[in-house]
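User: I would like to go through this protein step by step, from its overall layout to single side chains. Could you take my questions in turn?

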Amino acid sequence: MDNEPPIVLPAPPSAPAGIYIHYCDHEGCKEWGCFGYDRRYGTYWYCGDHRDDGEQMRRGA
């Protein structure tokens, strides 16, 4: 088992440009926005630290 070569997986296909570019919409935050909330005029994205902002927006608070 120690002498086995590592498994090499093919590279995943590249995604179209611009599809995954979304940062946190909280003012002043530069983190990746991994939680998306659909609104009337588009999707708002928030990082884990600011996810509550999106949850409040979703509830209409």
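User: In what order do the elements of the protein run from the N terminus on?

Analyst: This is a predicted model, and what follows should be read with that in mind. The protein has one helix and two strands. Taken from the N terminus on, these elements run in the order β-β-α.

User: What share of the residues in the protein is buried?

Analyst: A residue is called buried when its relative accessible area is under 20%. The protein has 61 residues, and the share of them that is buried comes to 18%.

User: Which residues make up the largest nonpolar core?

Analyst: The core is a set of buried residues joined through side-chain atoms within 4.5 Å. One of its members, C24, touches C29, Y46 and C47 among other residues, not counting residues up to four places away in sequence. The largest core has six residues in all, namely C24, C29, Y37, Y46, C47 and M57.

User: Is E55 buried or exposed?

Analyst: The place of E55 is in helix α1, which covers residues 51-59. The relative accessible area of E55 is 16%, and because the limit for a buried residue is under 20%, E55 counts as buried.

User: With which side chain does the side chain of E55 meet in a salt bridge?

Analyst: Side chains of opposite charge can pair when their charged atoms come close. The structure holds one salt bridge, with a distance of 4.0 Å from N to O. The two residues are separated by about one helical turn, because they are four residues apart in helix α1. While E55 is buried, its partner is partly exposed, with a relative accessible area of 37%, and that partner is R51.

User: With which side chain does the side chain of E55 make a polar contact?

Analyst: Besides the salt bridge with R51, the side chain of E55 makes a polar contact at 2.9 Å. The partner in this contact also belongs to the largest nonpolar core, and the residue is Y37.

User: Which residues form a nonpolar patch on the surface?

Analyst: The protein exposes about 5600 Å², and carbon and sulfur atoms supply 52% of that area. One member of the patch, I21, lies in the segment before β1 (35-39) and is exposed, with a relative accessible area of 59%. Together the patch residues have about 480 Å² of accessible area, and they are Y20, I21, Y23 and W32.

Conventions. Residues are numbered from 1 along each chain as its sequence is written. This is a predicted model: local features need pLDDT of at least 70, side-chain atom pairs count only at pLDDT 80 or more; totals for chains, interfaces and linings use all residues. Side-chain values use heavy atoms; hydrogens and water are left out. Patches are made of residues with over 30% relative accessible area and no salt bridge: like charges are joined within 9 Å, nonpolar side chains (Val, Leu, Ile, Met, Phe, Trp, Tyr) within 5 Å. Accessible areas come from the Shrake-Rupley method with a 1.4 Å probe; for residues, only the protein chains shown count as cover. Buried means under 20% relative accessible area, exposed over 50%, partly exposed in between (1.4 Å probe, protein chains only). A polar contact is a pair of N or O atoms within 3.5 Å; within protein, one must be able to donate a hydrogen and the other to accept it, and residues adjacent in sequence count only if both atoms are side-chain atoms. Contact means heavy atoms within 4.5 Å.
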